[in-house]
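Please open the structure in your viewer and keep the sequence panel beside it, so that each stop can be selected by residue number. The tour goes from one selection to the next and says what is found at each.

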Amino acid sequence: MATPRLRQLKRFEIPLLVTLKTYQRAWLRDDVVAGLTVCLVMIPSVIAYAELLNLPPVTGLYAALAASVGYALFASSRHVIAGPDAAICLLAGTSIAPLAGGDVVRTAVLAAELALLSGGVLLLAARLHLGAMADLLSRPVLIGYLNGASLVLVSTQLGKLFGLDLGGEEFFLILHGLWQGLRDTHLPTLWLGLGLIGALVVMGWRAPRVPGALAVSALAIVVALVVDLQAAGVSMVNAVPGGLPMPTLPAAVLADITALAPAAVAIAFLTFSDGILLAQTFADKNRYEVDANQELVALGVGNLVAGVLQGFPVSASQSRSAVVDGAGGRTQVAQLVAAAGLLLFLLLFTGLIALLPKVALGAILIVTALRMLEVASLTQLYRIDRRDFWLAVVVMVSILVAGVVPGIILGMLLSLIGVLVEISRPRDAVLSRLTRDGKFHDLDQNEPDAQTIPGLLVYRLYAPLIFANARHVIGRLRELVDTADHPLKWVIIDAQAITDMDLTAAQRFAELCRDLADEGIAIKIADVPRPFREEMSRIGLIDVLGQDAFYLSVKVAVEAYLRRYPELATPPLSHPHTVSPHKDGP
């Protein structure tokens, strides 16, 4: 348990420094082993991810180094590893490509700008304490995004696999280009790519603890050393300059910022929603707490540093975080060790990258994309909720047709529309008394033991009463009153699920109360939650209804009704007792 002094330190210091103040020497070995392991695992992956943005492979190393340092300093999670992510890189690449026009230098500038913009959005969200905004990206939207992004990612690597220049980033145009160019397939490249894909699949199946990307990269380099792949026409990765990246701020152009803004917001949403879910998963497993707002800060800083160090947008990595946890990592010191390993690689070993065939990077990305597919989740949605299933399908198809960013924006809009529809047409029920226990329940219409009391309607609303649903709910109550089997004397509203009421709804409700009072029907409210009661008090509805209109429960309200109209009791009330109005009221 954190002491008050430690909590105070956390408020004013960088989280990693707070960790170091309580760091135990026994943790160091575990953190060093975990850090070196994840460094070896990430190098081939981040090089491949740079290809998704049409950037030189070294920029993947720059982005990984920046994310490792920036995130580690400010994260509340002890295990999450930040860096380039396939889905985020694909989103960034598809947003940048139309603006860059194939110019590698301009692509690099736009990628850095997008990282800075995404980091700025994340930090702004942290400043405004908007961590809960990530919930707007619902699970069906995420499933549709992952499936659509996976298929687009596979399509972008087909050119490398078949040894063809397919060009473009659009899914169906790439497939059309592949169909047209199949006869020109470069067979040595195809066979090498299929072999590497097969090796990755087999390792994932038979040896899941082996870092497949690293093993396949090493295998491809060995093949390149033994066989002259370039002479056979296999494309190789260009030579990568060694050394460290120079901190640079890209020259911002207003037109570029405006064009990249939607992608920056989408990346921020995806980055944080995935990041906090990952952080909470490892925190629960290892029994510590994470701060959602602090994760926003850490991911924001990681993206800002990536932009300054000539990188591109970064996110939390599920696979690398799992590697650190599995290797026994204890704190973010492991990520700093990984950053040190990246520095060493940049200084001494970048020459190895030039021995990699491009199809090896394509194979890594294709298998990564296939593992991103959420087919099982889509099937589960179909079984459980058809509306969510079709939302996921619409997002997936829109990504394939219109692109990643429009697909995500459409999915978010559809999610919000679905929420508004749900709020505007909330579920409700007319409660009936169950003869077995004498209590009121939301019963099936065919329940044989259901019993109603003449002159009494007991109504339950399963939602707050606000402007969006006020007209519907008041109309529903009016309809129930008008179609009742017997002339009504009381309407009891079971308010246990009504947590709020705004001014628009209050005005409509007050009008209904007056109209029913003119007809000789009284409205009573039972089981009022405190937030609802306080809101009614502020609005003045308690004065309109009167203190005697409120009851502690439906049971107490019904007993009061039967005392008032004993001739309507079915069966008659056997032992009536008096409940004083002030005890029934709020």
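The stops below take in two sheets, a pair of helices and a single loop residue, in what is a predicted model.

**The five-stranded sheet**

Begin by colouring the strands of the open sheet of 5 strands, whose order is β3-β7-β8-β9-β10 and whose pairing is mixed. At its edges you will find β3, residues 428–430, and β10, residues 550–551, each of which pairs on one side only.

Select β3 together with β7 next, and you have two strands that pair in the antiparallel sense over 3 bridges. Within this pair, D428 has L461 of β7 as its bridge partner.

Stay with β7, residues 456–461, and ask how many of its residues are buried. The strand is mostly covered, with 6 of its 6 residues buried. If you show the side chains, L456, V458 and R460 belong to one side and L457, Y459 and L461 to the other, and both faces are covered, with these residues all buried.

Now add β8, residues 490–494, which pairs with β7 in the parallel sense over 5 bridges. One bridge to look for is that of L457, whose partner in β8 is V491. To follow the chain between these two strands, select helix α19, residues 467–482, through which the chain crosses from β7 to β8 in a right-handed β-α-β crossover.

At the other edge, select β9, residues 522–526, with β10, and you will see a parallel pairing over 2 bridges. Here I525 stands opposite F550 of β10.

**Helices on the sheet**

With the sheet still displayed, add helix α20, residues 503–518, which packs on the sheet and touches β8 and β9, its direction making about 130 degrees with that of β9. Then add helix α23, residues 554–564, which lies across β7, β8, β9 and β10 and runs at about 170 degrees to β8.

**The three-stranded sheet**

Move on to the open sheet of 3 strands, in which the order is β5-β4-β6 and the pairing is antiparallel. Its edge strands are β5, residues 440–441, and β6, residues 450–451, each pairing on one side only. Select β4, residues 432–434, with β5, and you will find the two strands running antiparallel and joined by 2 bridges. In this pair, R433 stands opposite F440 of β5.

**A crossing of two helices**

Next, select helix α11, residues 254–286, and helix α18, residues 404–424, whose axes come within 10 Å and cross at roughly 65 degrees. The crossing of α11 past α18 is left-handed. Which residues make the contact? On the α11 side they are P262, A263, A266, F269 and L270, while α18 brings V405, I408, I409 and M412. Sorted by class, the contact of α11 with α18 has 9 nonpolar residues, with no polar and no charged ones.

**A loop residue**

For the last stop, centre the view on R330, which is placed in the loop between α13, residues 318–326, and α14, residues 333–348. Why does R330 count as partly exposed? Because its relative accessibility is 36%, and the class of partly exposed residues lies between the cut-offs of under 20% for buried and over 50% for exposed.

Finally, show what surrounds R330: leaving aside residues up to four places away in sequence, R330 touches W27, D30, D31, R78 and H79. A distance label from R330 to V32, C-alpha to C-alpha, should read 9.8 Å, although the two residues are 298 residues apart in sequence.

Technical notes
Residues are numbered from 1 along each chain as its sequence is written. This is a predicted model: local features need pLDDT of at least 70, side-chain atom pairs count only at pLDDT 80 or more; totals for chains, interfaces and linings use all residues. Side-chain values use heavy atoms; hydrogens and water are left out. Two strands pair if DSSP finds at least two bridges between them. Helices (H or I, at least four residues) and strands (E, at least two) are DSSP runs, numbered from the N terminus. Contact means heavy atoms within 4.5 Å. Axes are lines fitted to C-alpha atoms, for helices over the stretch in contact, and angles run from 0 to 180 degrees between N-to-C directions. Buried means under 20% relative accessible area, exposed over 50%, partly exposed in between (1.4 Å probe, protein chains only). A crossover is right-handed if, with the strands pointing away from the viewer, the path from the first strand over the helix to the second runs clockwise. A crossing is left-handed if the near helix is turned anticlockwise from the far one by less than a right angle, and right-handed if clockwise. Ala, Val, Leu, Ile, Met, Phe, Trp, Tyr, Cys and Pro count as nonpolar, Asp, Glu, Lys and Arg as charged, and the others, Gly among them, as polar.
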